[in-house]
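Colleague: Got a minute to go through this model with me? I have a few quick questions.

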Protein chains: 2
Amino acid sequence: MKQKIELSPQCKGQIRAIGDTMELLGGKWKIKIIGTLLLNGTMRFMELKRAVEGIAPKKLSKDLQELELNELITRTVKETKPITVEYELTPHGRTLENLINEAMNWGILHRNHILK
Amino acid sequence: MKQKIELSPQCKGQIRAIGDTMELLGGKWKIKIIGTLLLNGTMRFMELKRAVEGIAPKKLSKDLQELELNELITRTVKETKPITVEYELTPHGRTLENLINEAMNWGILHRNHILK
DNA sequence: AATAATGGTTTCCTTTAGGAAACTAGTTTC
DNA sequence: GAAACTAGTTTCCTAAAGGAAACCATTATT
């Protein structure tokens with residue numbers, strides 16, 4: 001008879017950690033927004049909208065709110081002539097740098113792979 | 001007047017690479033499936049179903065098909081007593097190791113962060 | 001003969017994600 | 001006074017993701 005293969009608790013914890021990460025960064029846009037902020041530093045709403053190609057203002061607004069709730073970015077209203085709003089990664093948000101770089105590198109690697 | 005901030009083409013390419021990666025690994029389960037295969041090596045369908053907690057057989061089947069189409073895993077039918085099917089990462093699939101490890105590490109880091 | 005394990009598929013349903021377009025409101029430039 | 005830029009919100013809609021439960025065919029065990 002086949003022995004039951006049960007994953008170790010440690011292993012299950014690791015898989016759960018992957019799930020936690022994907023819950024925060026899943027979806028089409030969030031990780032792109034963070035990547036853009038990593039590459040450009042502080043950005044305003046319209047700058048982000050232009051930089052993250054194809055995103056609708058509603059989606060950008062919603063994702064920014066969720067990222068702020070998760071303490072990955074900050075939102076700062078500047079009392080300038082026309083009011084402006086600045087978005088910036090928090091120190092915690094900046095800890096995503098390695099992950100984002102890996103996602104970039106693998107995307108390029110995969111592109112080369114499918115081009116044979 | 002504010003100067004127009006236009007991202008460099010190189011920068012846009014990097015953001016697009018992130019999008020490519022997320023297109024393949026997006027969703028709730030794919031990256032967990034790959035992480036499980038990384039930690040355990042070759043696995044059969046029911047083993048995966050037990051290891052990836054909560055996944056429905058339909059979803060597992062569908063995601064495995066998509067991962068196979070993208071050349072990240074192989075599916076091998078073994079002509080054993082009751083027929084068994086083995087899933088395994090391809091060499092290309094194994095190049096996701098760094099990314100998966102980063103996703104694990106960050107998930108743990110984030111858990112510690114929100115627990116203060 | 002019944003039960004359980006293999007690897008799935010089928011059906012039905014709900015939820016979520018996401019997109020297009022229009023709109024708001026304040027400020028500033030033409 | 002009209003147009004444009006700021007940062008969004010609102011409404012309406014479609015498509016995709018995902019879950020629950022039942023089912024199927026084969027083989028092996030009790």
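Modeller: Sure, we can take the contact, the symmetry, the salt bridges and the record in turn.

Colleague: What are the ground rules here?

Modeller: This is a predicted model: local features need pLDDT of at least 70, side-chain atom pairs count only at pLDDT 80 or more, and totals for chains, interfaces and linings use all residues. Residues are numbered from 1 along each chain as its sequence is written, chains are lettered from A and ligands numbered from 1 in the order written, and side-chain values use heavy atoms, without hydrogens and water.

Colleague: How many residues does each chain put into the contact?

Modeller: Chain A gives 44 residues and chain B gives 45. Contact means heavy atoms within 4.5 Å.

Colleague: And what area do they bury?

Modeller: About 4500 Å² between chain A and chain B, 68% of it on carbon and sulfur atoms. Buried area is the accessible area (1.4 Å probe) that two parts lose on being put together, summed over both. Ile18(A), His92(A) and Trp106(A) supply 15% of what chain A buries against chain B, more than any other three residues.

Colleague: How many salt bridges cross over between chain A and chain B?

Modeller: Four. The rule asks for a side-chain nitrogen of Lys or Arg within 4 Å of a carboxyl oxygen of Asp or Glu. One of them joins Asp20(B) to Arg111(A), with the closest N and O atoms 2.8 Å apart.

Colleague: Which element gives the most to chain A's side?

Modeller: α6(A), with 13 residues. Helices here are DSSP runs (H or I, at least four residues), and strands are E runs of at least two, numbered from the N terminus.

Colleague: New topic. How do the two chains superpose?

Modeller: A turn of 180° and a shift of 0.0 Å along the axis lay chain A on chain B with an RMSD of 0.1 Å. The two copies are thus related as by a two-fold rotation axis. The fit is least squares on C-alpha atoms of residues with pLDDT of at least 70 in both.

Colleague: What about the surface they use?

Modeller: The same surface serves both copies, and 100% of the contact residues of chain A recur in chain B.

Colleague: How many salt bridges over all chains?

Modeller: The count is 16. Among them is Asp63(A) with Lys59(A), closest N and O atoms 3.1 Å apart. Those two are four residues apart in helix α4 (residues 57–69) of chain A, so about one helical turn separates them.
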